[in-house]
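I opened this notebook to keep track of what I looked up in the structure, going from contacts and cores to strands, rings and overall form.

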Amino acid sequence: MALAHPALTRTDHRPFAMPPDPWRWRQSWHNLLFMHWPVPASVLRAHIPPAAAIDEREGTAWLGLVPFTMTGVTMRSMPALPWLSAFAEMNLRTYVTVDGKPGVWFLRMDCARLPAVLAARSLLGLPYVWSRMRVDERTLPIAYDSRSGPARFRATYQPTAPAREPPAGSLEAFLTERYCLYTVRARRLWRVVIHHPPWPLQAAAADVGTNTVHAALGLPGPAGAPLVHFAKRIDVIGWGPELCGGIQAD
């Protein structure tokens, strides 16, 4: 029964064990663009609780902008409802470690479904905002357009090479193979553990017409060409939030 979900076809690649209790929710992510660029850790510190150590690689922290679409977003025992369970999302993120467990810190999360925005903000304290989003993924290149106030992203992107699992210890693995997220709720630091197979990453090309998502938070954009990857699909399961040892967020 536990192995019925496709996310559980591989577990040997995880940096830490899955929780012992049953997973609680599931979703699938499609046509992801990973766009990363280096930034000094010092410019991120004001956005992240002191208890979360900012992860650095090659002497720097990293910002990632990840547009994609989602389907099958639902709880474990519930069916996926067509409109509520499928929508576009984009996140601006960096990488942190708490209690030895590396994960993702979301700085901003744009989403095209208002119910999902309200639920994630109230239940998890995640920085979701509702955005007008339009995605054409019928053919390549994928066209993605998101706008919410001063935060605008408009680009086309597509893979340029076959998929491969990111090598252990590589920069690609550092930026993508993260199996939890951290968030603040009620002035406490929480962890949400997820699981999926290793990323099927592909080298990619992106033509970015507009990107002011980072600037809306006062963060720097790419100084040169960002590092870009593509992933066609991954199936994901997750658990409920767990308190990080009672750590105060401030």
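For these notes I take contact to mean heavy atoms within 4.5 Å. The model is a predicted one, and I read every entry below with that in mind.

**Entry: Phe153 and the cores**

I began with Phe153 and listed what it touches beyond residues up to four places away in sequence: Leu33, Met35, Leu65, Pro67, Met90, Tyr144, Asp145, Ser146, Val208, Thr210, Asn211 and Val213. I then looked up the largest nonpolar core, which has 43 residues, and found Phe153 among those with the most contacts inside it, together with Leu44, Leu63, Leu65, Leu92 and Tyr182. I asked which strand gives the most to this core. I noted strand β4, residues 87-98, which contributes five residues. Apart from this core I found another, of 29 residues, and wrote down Trp25, Phe34, Tyr95 and Leu126 as among its members.

**Entry: strand β9 and its partners**

I next followed β9 to the strands it pairs with. Strand β8, residues 142-148, runs antiparallel to β9, and I found seven bridges between them. Within this pairing, I saw that Asp145 stands opposite Arg154 in β9. The hairpin of β8 and β9 has two residues between the strands, and I noted that Gly149 takes a positive phi near 60 degrees there. I also looked up the pairing of β9 with β12, which is antiparallel and likewise rests on seven bridges. For one position in it I recorded that Ala155 stands opposite Val208 in β12.

**Entry: strand β13 and its partners**

I asked how many of the residues of β13 are buried. I found nine of its twelve residues buried, so that the strand is mostly covered. Turning to its pairings, I noted that strand β1, residues 25-39, is joined to β13 by eleven bridges and that the two run antiparallel. In this pairing the bridge partner of Phe34 is His229 in β13. Strand β12, residues 201-211, pairs with β13 in the antiparallel sense over three bridges, and I wrote down Phe230 in β13 as the bridge partner of Gln202. With strand β11, residues 188-195, I found an antiparallel pairing of two bridges, and here Ile194 has Gly238 in β13 as its bridge partner.

**Entry: aromatic rings**

I looked up the aromatic pairs and found that the structure holds six of them. I examined the pair of Tyr157 and Phe230, which is tilted, with 6.3 Å centre to centre and 55 degrees between the planes. I then asked why this pair ties together parts that are 73 residues apart in sequence. I found the reason in the placement of the two residues, because Tyr157 lies in strand β9, residues 151-159, whereas Phe230 lies in strand β13, residues 227-238. I checked burial as well, and both Tyr157 and Phe230 are buried. Elsewhere I noted one aromatic cluster formed by Trp29, Phe34, Phe68 and Trp199.

I also looked for charged side chains over rings. The charged end of Arg178 sits over the ring of Phe174, 4.7 Å from its centre, and Arg14 lies over the face of Phe16, at 5.0 Å from the ring centre.

**Entry: Ala120**

I placed Ala120 in helix α2, residues 114-124. Is Ala120 buried or exposed? I entered it as buried, because its relative accessible area is 11% and the cut-off for burial is under 20%. Leaving aside neighbours within four places in sequence, I found Ala120 in contact with Gly125, Leu126 and Tyr128. From Ala120 to Met109, eleven residues away in sequence, I noted 10.0 Å in space, C-alpha to C-alpha.

**Entry: the chain as a whole**

Last, I looked up the protein chain overall and counted three helices and 14 strands in it. Its radius of gyration is 17 Å, close to the 18 Å that the globule rule gives for 250 residues, and I therefore recorded the chain as being as compact as a globular protein of that length. The C-alpha atoms fill a box of roughly 45 × 40 × 35 Å, taken along the principal axes. Buried residues make up 50% of the 250 residues. Among contacts between residues at least 6 apart in sequence, I noted that 71% join residues at least 24 apart.

Definitions and conventions. Residues are numbered from 1 along each chain as its sequence is written. This is a predicted model: local features need pLDDT of at least 70, side-chain atom pairs count only at pLDDT 80 or more; totals for chains, interfaces and linings use all residues. Side-chain values use heavy atoms; hydrogens and water are left out. Rings of Phe, Tyr and Trp (its six-membered ring) pair if their centres lie within 6.5 Å; planes under 30 degrees apart count as stacked, over 60 as edge-to-face and the rest as tilted. Helices (H or I, at least four residues) and strands (E, at least two) are DSSP runs, numbered from the N terminus. Buried means under 20% relative accessible area, exposed over 50%, partly exposed in between (1.4 Å probe, protein chains only). A charge sits over a ring if NZ of Lys or CZ of Arg is within 6 Å of the ring centre and within 35 degrees of the ring normal. Two strands pair if DSSP finds at least two bridges between them. A nonpolar core is a set of buried Ala, Val, Leu, Ile, Met, Phe, Trp, Tyr and Cys residues joined through side-chain atoms within 4.5 Å. The radius of gyration is taken over C-alpha atoms; the globule rule is 2.2 Å times the number of residues to the power 0.38.
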